[in-house]
Amino acid sequence: MLEIKNLHAEVDGNKILRGIDLTVRPGEVHAIMGPNGSGKSTLSYVLAGKDDYEITEGSISYNGVDWAELGADERAAAGMFLAFQYPIEIPGVATMTFLKTALNAQRKARGEDEISTPDFMKLVREKSKELKVTPDMLKRPLNVGFSGGEKKRAEILQMSLLEPTLCVLDETDSGLDIDALRVVSEGVNQLRSPERSMIVITHYQRLLDHIVPDVVHVLSKGKIVKTGGKELALELEKNGYADYVGEEAA
Amino acid sequence: MNAPANIKETKAEQSLNAQFDAIFAQTTQENANQRKQAWDAFKAKGIPHRRVEEWHYTDLRTKMNDAFALASKTAPKADALKGAGDLKTYRIAIVNGRYAPELSSDQNVAGLSIAQTNGFLAAQLGTDDAMAHLNQALVQGGISIKIDANAKIELPIEIVRYTDGSQVSSYAGTTVEIGSGAKALIIESFEGDADAAYQSNALTEVKVGDKADVHWLKLQVESAKAQHIETLSIELGAETNFQHFIYNEGASLSRAQLFLEFKGENTHAGLRGTSLLKDNQHADITLFVKHAVPGCESREYYRSVVDDKARAVFQGKIIVEQAAQKTDGQMMIKTLLLSDTAEINAKPELEIFADDVQCAHGSTTGDIDEDLLFYLMARGIPEAQARKILVLAFLSEAIEEFEEEQCVELLEAMTRSWLHADDMVSE
């Protein structure tokens, strides 16, 4: 269970998060919506443990572990996964090498045995087929020369290989056409399970047609200003964020 | 900008005087003139220092506290020589500047001939550099390598240059002639006794004919206390492909100076390399690339990773003469500085006298990209390992462009070993 209490955070001295309270239980999918600049991406980076994102007040704990004690790599090994809004290109690092290194690093951190190469190859083949990730993409350096849709599918492939229990999807729908959105959403839906918590950060309602959330939150100026069921997303789509953010509506 | 002649001689220069007198006394009549001329040419300049433009960033006069005694002939054990490791090669061993047939391969390879020489090159050197002249003044021996026209040499030709002993110096002169239409891979290593302080000075003249295909890998893995100077003069014929790669890891002070001239049209030359530096290492790569004829392409791509208080120096000058229309020359220097005290001096230069050319140069220097680091860590890879992955990735990009698979594997393995990342997955 993820418990965020009165979370304040800043980046380079700029206060972005101003008191977030959020509890996500296993099996739940929470959507966080909000206009540009409301702090959605900051929340995702703070959860993942990016260096220059500083928690100034409040706390994050996951399964009883204080998140502030753990580095980004330790959080990943403890079940955290951030699907990046803009997956970064890493020239010189082969995608397959990276996937295996990441999987084994997490296994090692949890005291598990490393996966054998044949088992790993088999696993990647199965998962990549479902997500329409081609063998050619796996041979290329990580994300290099991938289209927007390919990058997002590669992110979900990583998520499905690493089997995290806390998934944060940061604007996974951005840059996707309808077909790619469907493939990515199906990939995410397959990972829904009673043991897994998900936070889906999005600007638009359309992703939530595919990944139907249990709870929807509206984030504005670094605070959650409204919480409701999936129908809240439809209302936002119709009326915009104006009711919640006043004049600064997107 | 020559040094003033009245500058006071250093201890190293005084030692060199005595060494020259001794070796000159033993020189046969046949070579005496050449030795003397080279010595006079060296003496006119002295050991290069910071006021000599080409040596500005590598003040050898200050860094060379002494000139070690000329190494005598020795017979090291075969397993002391590392060369290209486990690769199956045709080996040519040069120990203390002299051809060592007992440590070399003895089979005959069709189209390849090796001959022991006294180390003197053609009187007209491709350079007027003081340290190249010093090489010829003190040269102890050498070889000539000849590859016949149209010969395709299947095995890599491995030249192992080994300096045996401490507080010694070695000087070798080598000529390599590669016939038209020939194809060869040359792997040349510079090495010596681990932890020994020694000086090695190699001068090599390479002439490549037309329509040849040559890959040349230099592994500079001298002892950590060695001083290494290599001068390579290259002339390329027409429609030839010449690819050179320097792997720079050893020596406390190293200088690789390459003088390349295009003599025939429509030739491609790639000069690439990686330098991996730490502690107080100082590594200098200096290039002079002369486009004298039309339609040639040159690539000069070097990457360095510099840690601790080490310093990388890169100077690259591309000269495009008036006749050399349609020249395509691209030079790019990229450096990762891993500590606040690491340093790079990069000086790419273009001198263009032709009007229809495509030339560019650039240089970037930086630390490891924090966003890349975060991405890897967010996937569970611990920071230390993530940093190694990124350094290896940075260097691999340059290594893979060498396009000789066995060399790429060898270079990546050596790079991983330098990073203490031998267990890192490689595919």
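This is a guided walk through a predicted model with chains A and B, taking in sheets, helices, a nonpolar core and a contact between the chains.

Let us start with chain A and its open sheet of four strands, which has antiparallel pairing and the order β2-β1-β4-β5. The edges are held by β2 (14-24) and β5 (65-66) of chain A; each has a single partner strand, so one side of each is left without a neighbour in the sheet. Strands of a sheet pair through backbone hydrogen bonds, either parallel or antiparallel. In chain A, strand β1 (residues 2-11) runs antiparallel to β2(A), and eight bridges join the two. To find one of these pairings on screen, look for A:Leu7, whose bridge partner in β2(A) is A:Ile20. β1(A) and β2(A) form a hairpin with two residues between them. In that turn sits A:Asp12, with a positive phi of about 50°. Towards the other edge, strand β4 (residues 53-62) of chain A is joined to β5(A) by two bridges, again in the antiparallel sense. Here A:Tyr62 has A:Val65 of β5(A) as its bridge partner.

Chain A also holds an open sheet of six strands, in the order β6-β9-β10-β3-β11-β12 and with mixed pairing. Its edge strands are β6 (80-83) and β12 (223-228) of chain A, and each of them pairs on one side only. On average, neighbouring strands of this sheet are turned by 20° against each other, direction ignored. At the β6 edge, four bridges join β6(A) to strand β9 (residues 166-170) of chain A, and the two strands run parallel. A:Phe81 is a handy landmark here, since A:Cys167 in β9(A) stands opposite A:Phe81.

Next, turn to a pair of helices in chain A. Two packed helices are described by the angle between their axes and the distance between the axes. Helix α6 (residues 148-162) and helix α7 (residues 178-190) of chain A have axes that come within 10 Å and cross at roughly 5°. That angle makes α6(A) roughly parallel to α7(A). From α6(A), the residues making the contact are A:Gly149, A:Lys152, A:Arg153, A:Ile156 and A:Ser160, while α7(A) supplies A:Ala180, A:Val183, A:Val184, A:Gly187 and A:Val188. By type, the residues of this contact divide into five nonpolar, three polar and two charged.

A:Ile156 appears again around A:Ala83. Leaving aside neighbours within four places in sequence, A:Ala83 is in contact with A:Glu155, A:Ile156, A:Met159, A:Cys167, A:Val168, A:Leu169, A:Asp170 and A:Thr172. A:Ala83 also belongs to the largest nonpolar core, which has 198 residues. Those with the most contacts inside this core are A:Phe81, A:Leu82, A:Ala83, A:Val168, A:Val200 and B:Ile94. The largest share of the core, ten residues, comes from helix α6 (residues 383-399) of chain B.

Where do the two chains meet? The contact takes 24 residues from chain A and 20 residues from chain B. On the side of chain A that touches chain B, the elements that give two or more residues are α2 (72-77), β7 (90-94) and α3 (95-109). α3(A) gives the most, with eight residues. This side of chain A divides into 14 nonpolar, six polar and four charged residues.

Now cross into chain B and look at strand β6 (residues 157-163). Seven of the seven residues of β6(B) are buried, so this strand is largely enclosed by the rest of the structure. In a regular strand the side chains alternate between the two faces of the sheet. Accordingly, B:Ile157, B:Ile159, B:Arg161 and B:Thr163 point one way from β6(B), and B:Glu158, B:Val160 and B:Tyr162 point the other way. Strand β2 (residues 90-95) of chain B pairs with β6(B) in the parallel sense over six bridges, with B:Ile92 opposite B:Ile159. Strand β8 (residues 183-192) of chain B is also a parallel partner of β6(B), over seven bridges, and here B:Ile157 stands opposite B:Ile186.

Helix α4(B) is another enclosed element: nine of the nine residues are buried, so the rest of the structure largely encloses this helix. Its buried residues pack against α1 (11-25), α2 (29-45), β1 (69-70), β7 (168-178), β9 (198-208) and β11 (227-236) of chain B.

Finally, is B:Asp128 buried or exposed? B:Asp128 lies in the loop between β4 (112-117) and α4 (130-138) of chain B. With 12 C-beta neighbours inside 10 Å, B:Asp128 counts as exposed.

Key: Residues are numbered from 1 along each chain as its sequence is written. Chains are lettered from A and ligands numbered from 1 in the order in which they are written. This is a predicted model: local features need pLDDT of at least 70, side-chain atom pairs count only at pLDDT 80 or more; totals for chains, interfaces and linings use all residues. Two residues are in contact if their C-beta atoms, placed from the backbone, lie within 7 Å. Ala, Val, Leu, Ile, Met, Phe, Trp, Tyr, Cys and Pro count as nonpolar, Asp, Glu, Lys and Arg as charged, and the others, Gly among them, as polar. A residue is buried if 20 or more other C-beta atoms lie within 10 Å of its own, exposed if 12 or fewer, and partly exposed in between; C-beta atoms are placed from the backbone. Two strands pair if DSSP finds at least two bridges between them. Axes are lines fitted to C-alpha atoms, for helices over the stretch in contact, and angles run from 0 to 180 degrees between N-to-C directions. Angles under 35 degrees count as roughly parallel, over 145 as roughly antiparallel, 65 to 115 as roughly perpendicular and the rest as oblique. A nonpolar core is a set of buried Ala, Val, Leu, Ile, Met, Phe, Trp, Tyr and Cys residues joined through C-beta atoms within 7 Å.
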